[in-house]
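These are my notes on a structure that I looked up entry by entry. I began with strand pairing and went on to rings, cavities and backbone geometry.

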Amino acid sequence: MNLKQIELLRTVITCKTTVKAGRELGMSQPAVSNAIKHLESQLGFPLFERVNNRLFTTEQARQLFAESEALFESYRVFTERLEDLKLQNRESLRVFSSPPLGHLLIPQAMRRFLERHSDVHAFYEIATFSQVTHSVELGLADLGFVVGRVDETQFHAETLFAEPMVCVMPPDSPLAKKSVIRPADLVGQPMISLDRGTGMGQILRRVFQQEGVPLEFVAETRYCNTACIFVQNRVGVAVVDALSAASTMGDTLIVRAFEPREVLEASVIYSKKRLLNNTAQAFLREVRRSANDMAERLASVHGRAA
């Protein structure tokens, strides 16, 4: 399959009809149908099932669509950078971050960076841990920022700071009378857990298992920031990273130390396959400054948790 054929397949799947796909591609409906039939003949397997003049994607088509995501994202990044070169030779910066860092630390660094580098075209994406590492691996991001364990055989990794997880709760929670919260204290409490598919969710389950305490919860979410918002709205209590607690701490949420102590590392990663350009290096210097500034705020979180 060439790029044009892949684009055709993706457009038909997205538009769901050959008529709409034809409008999107600037082709007639018969031309789209013939192109699909030719592609199916070339591949040797069907891409669509036709029932009552409606198209339904086959499993093979869905797999091809999923596998082509990275290819088209790479192509989009390539064309954007080409445009940057054509328009005033602007430098570009692509940054991906997981939410704990992406909602507070990176925006602060980005503001200071763009004040000093107004000629740079920046793209910023908040994504999951795996999406961040995948984007850096494929070259879709110059820099990635994550909280959790990083495969240092694959990436250059630099720890920005390391902080223990904390327990957050509404001010009127009975747990607020305690200075330290343990898994046993959370039994019978309405708990917001972290998704078992995330690194922090796995840590939480391991800690409860080691303590011999069942992890029971009323809600489960992927992101610590979302868990904190649930706590602010009195849905329950949660164990989260200190940065998420710092970004939402106030009259509607209080913080307590959590034991056994689990320290999470916040890191920047970049590819070992490519040199880090001057623009990315300049932005990383601003992030390091923001990380140092954040240390005082996190110290306040732990002070209030004591």
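In which sense do β5 and β13 pair, and over how many bridges? I worked on a predicted model, and in it β5 and β13 pair in the antiparallel sense over four bridges.

**Entry 1: strand β5.** I looked up the partners residue by residue. Phe 145 has Val 268 in β13 as its bridge partner. Strand β3 (residues 92–97) runs parallel to β5 and is joined to it by three bridges. In that pairing I found Phe 96 opposite Gly 144 of β5.

I then checked how far the strand is covered. β5 spans residues 143–147, and five of its five residues are buried. In a regular strand the side chains alternate between the two faces of the sheet. Here Leu 143, Phe 145 and Val 147 point one way, while Gly 144 and Val 146 point the other way.

**Entry 2: aromatic pairs.** I counted three aromatic pairs. One of them joins Phe 96 and Phe 123, with 6.1 Å from centre to centre and 45° between the planes, and I recorded the pair as tilted. It links distant parts of the chain, since Phe 96 lies in strand β3 and Phe 123 in strand β4 (residues 121–126), 27 residues apart. Phe 96 counts as buried because its relative accessibility is 6%, below the 20% cut-off.

The rings of Phe 113 and Phe 283 have centres 5.4 Å apart and planes at 85°, so I entered this pair as edge-to-face. Phe 113 belongs to helix α6 and Phe 283 to helix α11 (residues 278–305), and the two are 170 residues apart. Both Phe 113 and Phe 283 are buried. I also noted one aromatic cluster, formed by Phe 113, Phe 145 and Phe 283; Phe 145 is the residue of β5 that bridges to Val 268.

**Entry 3: helix α6.** I looked up the helix that carries Phe 113. Helix α6 covers residues 105–116, 12 residues in total, and reaches 18 Å from its first C-alpha to its last, close to the expected 16 Å. Its buried residues are Leu 105, Ile 106, Ala 109, Met 110, Arg 112 and Phe 113. An α-helix has 3.6 residues a turn, so residues three or four places apart point the same way.

**Entry 4: cavities.** How many cavities of 30 Å³ or more does the structure hold? I found two, and the largest has a volume of about 60 Å³. Its lining includes Val 147, Phe 161, Asp 241 and Leu 264. Val 147 is also a residue of β5. β6 (155–164), α10 (242–248) and β13 each supply at least two lining residues, and β13 gives the largest share, three residues. By class I entered six nonpolar, no polar and three charged residues.

**Entry 5: backbone geometry.** Most residues other than glycine have a negative phi, and most peptide bonds are trans. I therefore listed the departures from this general pattern. The bond from Glu 259 to Pro 260 is cis, with omega near 5°; Pro 260 sits in the loop between β12 (254–258) and β13 (263–271).

Lys 16 has a positive phi of about 75° and lies in the loop between α1 (3–15) and α2 (18–25). Its relative accessible area is 61%, so I recorded Lys 16 as exposed. Arg 234 has phi near 65° and is found in the loop between α9 (224–232) and β11 (237–240). At 52% relative accessibility, Arg 234 is also exposed.

How values were computed: Residues are numbered from 1 along each chain as its sequence is written. This is a predicted model: local features need pLDDT of at least 70, side-chain atom pairs count only at pLDDT 80 or more; totals for chains, interfaces and linings use all residues. Side-chain values use heavy atoms; hydrogens and water are left out. Buried means under 20% relative accessible area, exposed over 50%, partly exposed in between (1.4 Å probe, protein chains only). The expected span of a helix is 1.5 Å times one less than its number of residues. On a 1 Å grid over the protein atoms alone, a cavity is a set of points where a 1.4 Å probe fits but cannot get out, and a pocket is an open set with protein on both sides within 12 Å along at least five of seven lines; lining residues have an atom within 4 Å of a point. Grid points are joined across faces, edges and corners, and a volume is the space filled by probe spheres set on the points. Ala, Val, Leu, Ile, Met, Phe, Trp, Tyr, Cys and Pro count as nonpolar, Asp, Glu, Lys and Arg as charged, and the others, Gly among them, as polar. Two strands pair if DSSP finds at least two bridges between them. Rings of Phe, Tyr and Trp (its six-membered ring) pair if their centres lie within 6.5 Å; planes under 30 degrees apart count as stacked, over 60 as edge-to-face and the rest as tilted.
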